[in-house]
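Subject: Structure handover

Hello,

Here is the structure I promised to pass on to you. Please have it open while you read, as my notes on the ligand and its surroundings follow below.

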Amino acid sequence: MRSVILPRLGFAEAWRIQARQLLCEGVVPDNVHWSVEGAETDLFGALQSSAKSVRPVERPSVPASFVPLAEAALCHVSPERFALPYRLLWRLQNDREILGDRSDKDVAAVHAMEKSVRRDAHKMKAFVRFREVGISDAGRRQFIAWFEPEHVILERTAPFFARRFADMDWLIVTPGYAARFERGVLDMQLCNERPDLPDDSADDLWRTYYASIFNPARLKVKAMKSEMPVKYWKNLPEARLIPDLIANAEKSVQAMREAMPTTPHIRTDRIVARLPSPSEIAPDVVPETLDEARQAAAGCSRCDLCRYATQTVFGEGAIGSSVMFVGEQPGDIEDLSGRPFTGPAGQLFNKVLHEVGVDRSRAYVTNAVKHFKFEPRGKRRIHQRPDAGEVVRCRWWLGLERKFVQPKLIVALGATAALAVTGNGANILKRHGTMELADDGQTPVLLTIHPSAVLRSGNAAQQDEARKLLVEDLRRVSAYMPD
Ligand code: URA
């Protein structure tokens, strides 16, 4: 048995040198006992037998993808952290493809270790909280931080902090290790004690910051704990706030809702000044033309959405258009422009129409709900899906548009539009590409997904797939367009 004792600092580099040496000597993995200085080693076992060697590897080599995997695995707390990468290194000399085989036990284990170390390093970069302790003789501000990572990652992550906080001197201490950065020089040290941390006003700053970015309306406790795992909370000043923030989330959401009218968009005043005021519009008179309907809708207060949106976004297109496209509701851009489908979803919609040979200017384009529903977040207004009550109230206007335009085909873009036109809001993914009848029992309705569902699909491949689906569904529209 060969016993290899690695230093506590620089263990990764030392492992690399030792592993290469062992490989060159042909020492089989089962005959190596790895440990770090100071840790208990099974010396008795190590002295029992001499290392068994097979034919030496003359020129060890590995695929490039092995290096980052091994470097991460070496930092894992597992007792296997040195032996497993060596075993893989050994096996790679005979089979360079094994790393691609995730069903292999060693390969799966090294990937799991790499992932866990990478995640821990990521969390360390996010959760180290420095406290200011003074000014150095050279006039640099000095900071100190205590952090408890899950793995042995300080050497691995310290260069990140050196780049990020290059203009200050700092000390990060973790159980067993310290990284000191002074005047641009990074130095790693062993250390066994937690430093005394001063009380710091920066803690209050963190708490204020955290409380201000905490959005009770978006609270998902499980996702939050995955982002900020509970094991890191004890060293995070802001974590003390979390239980209260969670407990009061519901009340805060209610307060946010009530505060909404006080956060109009910056351009709202100018736009609203150009609109007819509700008092100029007779609400009880049933409009007799599409234009009258448009004017009346401008002062609509059939539901609460009118209180927060900038303006009503009515449909556009000619009376007698053969095809009527119905979306969900105006978005942020449409709310300001006053025209449907002019924002990012509208741009995609235009491209897809072009692709399937449909001229938008010869169709009627509108929405199930005519006011933008949103939740204010900082300076942004985040889209919120209208609820069934809002859809039903707004059907008054959609009904008038249908009455005056008299389309031969209605295209429902997404579930909200489908609900508004057919009365059925069931899952659109199960219905897309099919025709149903509108609630008048005669107008055909083509159902498809909403263009923003394409934009919201996860990665590029999923977006591609969703886009294809929309294109395929909309191909059926051209048959209804006039020549
Ligand atoms: N989404 C819609 O449903 N309609 C618009 O007008 C814009 C985005």
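Which side chain has an N or O atom 2.6 Å from an oxygen atom of the ligand? In this predicted model, the side chain belongs to His450.

Two backbone contacts go with it. A polar backbone atom of Glu328 is 2.7 Å from a ligand oxygen, and for Phe341 a backbone N or O atom lies 2.8 Å from an oxygen of the ligand. With the protein in place, 93% of the 230 Å² of accessible area that the ligand has on its own is covered.

The residues around the ligand are Gly327, Glu328, Gln329, Pro330, Gly331, Glu334, Pro340, Phe341, Asn367 and His450. By class, this shell has three nonpolar, five polar and two charged residues.

Now for the site itself. The ligand takes up the space of the largest pocket, whose volume is about 840 Å³. Several elements give two or more residues to its lining, among them helix 13 (332–337), helix 14 (344–355), strand 11 (380–383) and helix 19 (460–474). Helix 18 contributes the most, with five residues.

In total, 34 residues line this pocket, and those nearest its centre are Ala345, His383, His450, Ser452 and Arg456. His450 thus turns up twice: it is among the residues nearest the pocket centre, and its side chain makes the 2.6 Å approach to the ligand. The lining divides into 17 nonpolar, 10 polar and seven charged residues.

Happy to talk any of this through whenever suits you.

Best wishes

Technical notes: Residues are numbered from 1 along each chain as its sequence is written. This is a predicted model: local features need pLDDT of at least 70, side-chain atom pairs count only at pLDDT 80 or more; totals for chains, interfaces and linings use all residues. Side-chain values use heavy atoms; hydrogens and water are left out. On a 1 Å grid over the protein atoms alone, a cavity is a set of points where a 1.4 Å probe fits but cannot get out, and a pocket is an open set with protein on both sides within 12 Å along at least five of seven lines; lining residues have an atom within 4 Å of a point. Grid points are joined across faces, edges and corners, and a volume is the space filled by probe spheres set on the points. Helices (H or I, at least four residues) and strands (E, at least two) are DSSP runs, numbered from the N terminus. Ala, Val, Leu, Ile, Met, Phe, Trp, Tyr, Cys and Pro count as nonpolar, Asp, Glu, Lys and Arg as charged, and the others, Gly among them, as polar. A residue is near a molecule or strand if one of its heavy atoms lies within 4 Å of it. A polar contact is a pair of N or O atoms within 3.5 Å; within protein, one must be able to donate a hydrogen and the other to accept it, and residues adjacent in sequence count only if both atoms are side-chain atoms. Accessible areas come from the Shrake-Rupley method with a 1.4 Å probe; for residues, only the protein chains shown count as cover. A molecule sits in a cavity or pocket if more than half of its atoms lie within 2 Å of its grid points.
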